[in-house]
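Okay, can everybody see the screen? I'll put the model up and then talk through a few spots.

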Amino acid sequence: MRGVETRIQEIRHKIFLEIARMAYHTEWPVEKHIEELPYKIIPGEVGNYRNDIFLERAIVGERLRLAMGLPYRSAAEHTSLSDHIEDADKEETYYTPPLINVIKFACNGCKDNHVLVTEGCQGCLAHPCVEVCPKGAISLDRYNGRSRIDYDKCISCGRCIDVCAYHAIIRQVRPCAAACGMDAIRTDENGKADIDYDRCVSCGMCLVNCPFGAIADKSQIFQVIRAIQSGKRVYAAVAPAFVGQFGAKVTPGKLRAAMKQLGFADVFEVAIGADLCAAQEAEDFLSEVPEKLPFMGTSCCPAWSVMAKKLFPEYANCISMALTPMTLTARLIKRQHPHAKVVFIGPCSAKKLEARRRTVRSEVDFVLTFEEMAGIFDAKHVDLQSIEEDPAGVNDASTDGRNFAVSGGVAKAVVNVIKSKYPDREVPVVNAEGLRECRQMMALAKAGKYDGYLLEGMACPGGCVAGAGTMQPIKRSQVAVNLYAKQANHQKADETEYVKELNKLVD
């Protein structure tokens, strides 16, 4: 849960912090230092998180490898922690798939779709659970009158759950599987969670919902820092959801100053790319719906757009081909600074998947989450609360562009651009949050229920502010983004200076 500092968040932060420190200390031999880190992160003789300190260190070791962008090793592999660590500095190996990994020996092997009688059972006289069970799997304990289930007979139909007056019978679902809107989480032969990568869209919801911290994604912390150290001009493209992520008192000006202190050449708000995206999608909608396409889906959320194309391939062309805000911002930066390296810093693990696309890799060089960025700030002891504001100010983005981070904001931005050109044009809109809801929306669109509509899909419930790489409570983040958006000099996306560059960027 974002905004709650659990042991999992504590461990993740320590790992990102130590990887950043190792990158900064170029005099440290990386091969030797990474072997020592599990003992530094998990010190002592007794485990603090699990009963077995050796297991704790083994799990931390795999997390360290993934944070370096290296492959996860299974328990059967007998290689050293630093095996192939030199690959972390090779550009061609950045983000080799899979991006999201299950650390099998950290997985609890949670039961999935398991019907359970809890201690809340009162052993009632009616015992409707026994009466409705179609397989005779429920009987009463002769000593206390409570229900019990014979799992050799149970088919997990749930009829007993529906009739229990005390709600004493529950259905347990593996948390990562429940969070996965693509049904990509399976159970392997050992009862552990497994990811079907043909279905996975890297939204990261399994990652943030695993109570055992057994799922982790790869990072580019080490590579970003080394790129800055090499003298390259590295620019930060910061997603609209950044507001409030590093603390309520960390203003955009303070964040810009902190980024420059780390060595970034400059900082751009991706909200300017959101304005460009909204303008492009408005043009697409006006020219194609309903004459050429029955409906149009927005493009900015990569997990949603990949899901739609995977599960509804016959409607793939109905998802806007407009470039995403991340890509448009990166293009804008590289148009102004041809030799720049661009780091997208945002809330989303799916952006790492997007950055791997052949058409995007030349634009976006690295992707970091806010959570990973926090580790870098701490590694360099940057005090974001007290740092002086950067006088350069903020980018000229619109209110609508900044609100891309919140569910409903993308569609509103597109509609407002259309309305500014054609005030009488009615644009019906439907939006969905979470991939299960997005799938339902697409199913209804396929059935003809949304002909003429603009469909907004967000893989994360609440929008980008709820992405896997965020740190703050979702509602608080939504409020912070909305307040910052109101400070913009322009309301609509097509009113900014950057929109004049659109045709040059999409040619």
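So, the largest pocket: 31 residues line it, and the ones nearest its centre are Glu5, Gln9, Glu371, Thr470 and Met471. One caveat before I go on, this is a predicted model. As for where the lining comes from, the elements that give it two or more residues are helix 1, at 7–24, helix 7, at 205–209, and helix 15, at 370–379. The volume of that largest pocket comes out at about 560 Å³. And if you're thinking about chemistry, the lining splits into 15 nonpolar, ten polar and six charged residues.

Now for the enclosed spaces. How many cavities of 30 Å³ or more does the structure hold? Seven. The largest cavity has a volume of about 220 Å³. It has 21 lining residues, and Cys300, Phe344, Pro347, Lys351 and Cys464 are the closest to its centre. By class, the lining of the largest cavity has 18 nonpolar residues, two polar ones and one charged one.

Okay, helix packing. Just to set the vocabulary, a pair of packed helices is described by the angle between the axes and the distance between them. I've got three pairs to show.

Start with helix 1, since we just met it at the pocket. Helix 1 packs on helix 3 at an angle of about 50 degrees, and their axes are 10 Å apart. Between 35 and 65 degrees counts as oblique, so these two helices are oblique to each other. The crossing there is right-handed. On the helix 1 side the contact uses Ile11, Arg12, Ile15, Phe16 and Ile19, and on the helix 3 side Val60, Arg63, Leu64 and Ala67. Sort that contact by class and you get seven nonpolar, no polar and two charged residues.

Stay on helix 3, residues 53–67, and bring in helix 2, residues 30–41. What angle do helix 2 and helix 3 pack at? About 130 degrees, with the axes 9 Å apart. That makes helix 2 and helix 3 oblique to each other too, and their crossing is right-handed. From helix 2 we have Ile34, Leu37, Pro38, Tyr39 and Ile41, and they meet Arg57, Val60, Gly61 and Leu64 of helix 3. That contact divides into seven nonpolar residues, one polar and one charged. If you want to click on something, try Val60 and Leu64: both are in the helix 3 contact with helix 2, and both turn up in the contact with helix 1 as well.

The third pair sits further along the chain: helix 11, residues 302–311, with helix 18, residues 435–446. Their angle is about 45 degrees and their axes are 10 Å apart. Helix 11 is therefore oblique to helix 18, and the crossing is right-handed. Helix 11 brings Ala303, Trp304, Met307, Ala308 and Leu311 to the contact, while helix 18 brings Leu435, Cys438, Arg439, Met441 and Met442. By class that's nine nonpolar, no polar and one charged.

Last topic, backbone geometry, for anyone who likes staring at torsions. As background, most peptide bonds are trans, and most residues other than glycine have a negative phi. So here are some exceptions to look at.

Which residues does a cis peptide bond with omega of about 0 degrees join? Pro97 and Pro98. Pro98 sits in the loop between helix 3 and strand 1, the strand at 100–102. There's another cis bond from Val289 to Pro290, with omega near 5 degrees. Pro290 is in the loop between helix 10, at 271–288, and strand 11, at 296–297.

And then phi. His84 isn't a glycine, yet its phi is positive, about 60 degrees. Where is His84? In the loop between helix 3 and strand 1, where we also found Pro98.

That's my tour. Questions?

Definitions and conventions
Residues are numbered from 1 along each chain as its sequence is written. This is a predicted model: local features need pLDDT of at least 70, side-chain atom pairs count only at pLDDT 80 or more; totals for chains, interfaces and linings use all residues. Side-chain values use heavy atoms; hydrogens and water are left out. Axes are lines fitted to C-alpha atoms, for helices over the stretch in contact, and angles run from 0 to 180 degrees between N-to-C directions. Helices (H or I, at least four residues) and strands (E, at least two) are DSSP runs, numbered from the N terminus. Angles under 35 degrees count as roughly parallel, over 145 as roughly antiparallel, 65 to 115 as roughly perpendicular and the rest as oblique. A crossing is left-handed if the near helix is turned anticlockwise from the far one by less than a right angle, and right-handed if clockwise. Contact means heavy atoms within 4.5 Å. Ala, Val, Leu, Ile, Met, Phe, Trp, Tyr, Cys and Pro count as nonpolar, Asp, Glu, Lys and Arg as charged, and the others, Gly among them, as polar. On a 1 Å grid over the protein atoms alone, a cavity is a set of points where a 1.4 Å probe fits but cannot get out, and a pocket is an open set with protein on both sides within 12 Å along at least five of seven lines; lining residues have an atom within 4 Å of a point. Grid points are joined across faces, edges and corners, and a volume is the space filled by probe spheres set on the points.
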